[in-house]
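Dear colleague,

I am handing over a structure that you have not worked with before, and I would be glad if you could look through it alongside the notes in this email.

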Amino acid sequence: MHSINLSRPYILYVEDDADDVELLQHALAGTEFDFQLVHHTNAVDALEFLERSKRFNRLPELIFLDINMARMDGRETLVCLKADKDIARIPLTILSTSTLDSDRNYFGRYHIPYIVKPGDVNQFKSELLEVMSGLLSFDTAEKKTA
């Protein structure tokens, strides 16, 4: 069970590889993004967590999603996320080791940013921060006009 500070924004990361979670924590350390990182190792648990979070009106600012996971892969998870009108509004980014065009194209049809987990850690961090800046500034502007 994850405990989160409801007064502090957080990011949900659905990832089954502990090394990749550590990589994301390292990439975000010392940036302007002062978010808690809530991690689930599979999509089933993450979706249950999101349902509970809705009850407290405390959804994440952003969701990072891996593609290749046990129990439910990233494609199946995306369908579930998009089926819920409240959760569907949360910006989503794919973080994957897959370089397959078919994976990029699948998520590209939904206009979801796709970042390949590194070869180069500095390049990964740069891409990550660029995507986050764009998604979160767009999200903030969208909330102000709503």
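The notes that follow concern the aromatic rings and their surroundings.

Please keep in mind throughout that this is a predicted model. The structure holds 6 aromatic pairs, and two of them are described here.

In one of these pairs, Tyr13 and Phe64 meet edge-to-face, with 6.1 Å from centre to centre and an angle of 85° between the planes. This pair links distant parts of the chain, since Tyr13 belongs to strand 1 (residues 10–14) while Phe64 belongs to strand 3 (residues 62–65), and the two are 51 residues apart. Tyr13 is buried, with a relative accessible area of 1%, and Phe64 is likewise buried, with a relative accessible area of 0%.

Another pair is made by Tyr106 and Tyr110, whose rings are tilted, with 5.6 Å from centre to centre and 55° between the planes. As for accessibility, Tyr106 counts as buried because its relative accessibility, 14%, falls under 20%, whereas Tyr110, at 40% relative accessibility, counts as partly exposed.

Tyr106 and Tyr110 also belong to one aromatic cluster, which they form with Phe107 and Tyr114. Tyr106 has a charged residue over its ring as well: Arg75 lies over the face of Tyr106, at 5.0 Å from the ring centre. When you view this part of the model, it may therefore help to begin at Tyr106, which is buried at 14% relative accessibility, and to go from there to Arg75, which lies over its face, and to Phe107, Tyr110 and Tyr114, with which Tyr106 forms the cluster.

With best regards

Terms used: Residues numbered from 1 in each chain as written. Predicted model: local features only at pLDDT ≥ 70, side-chain atom pairs only at ≥ 80, totals over all residues. Heavy atoms only, no water. Phe/Tyr/Trp six-rings, centres within 6.5 Å; stacked < 30°, edge-to-face > 60°. Helix = DSSP H or I, 4+ residues; strand = E, 2+ residues; numbered from the N terminus. Buried < 20%, exposed > 50% of the residue type's maximum accessible area, 1.4 Å probe, protein only. Lys NZ or Arg CZ within 6 Å of the ring centre and 35° of its normal.
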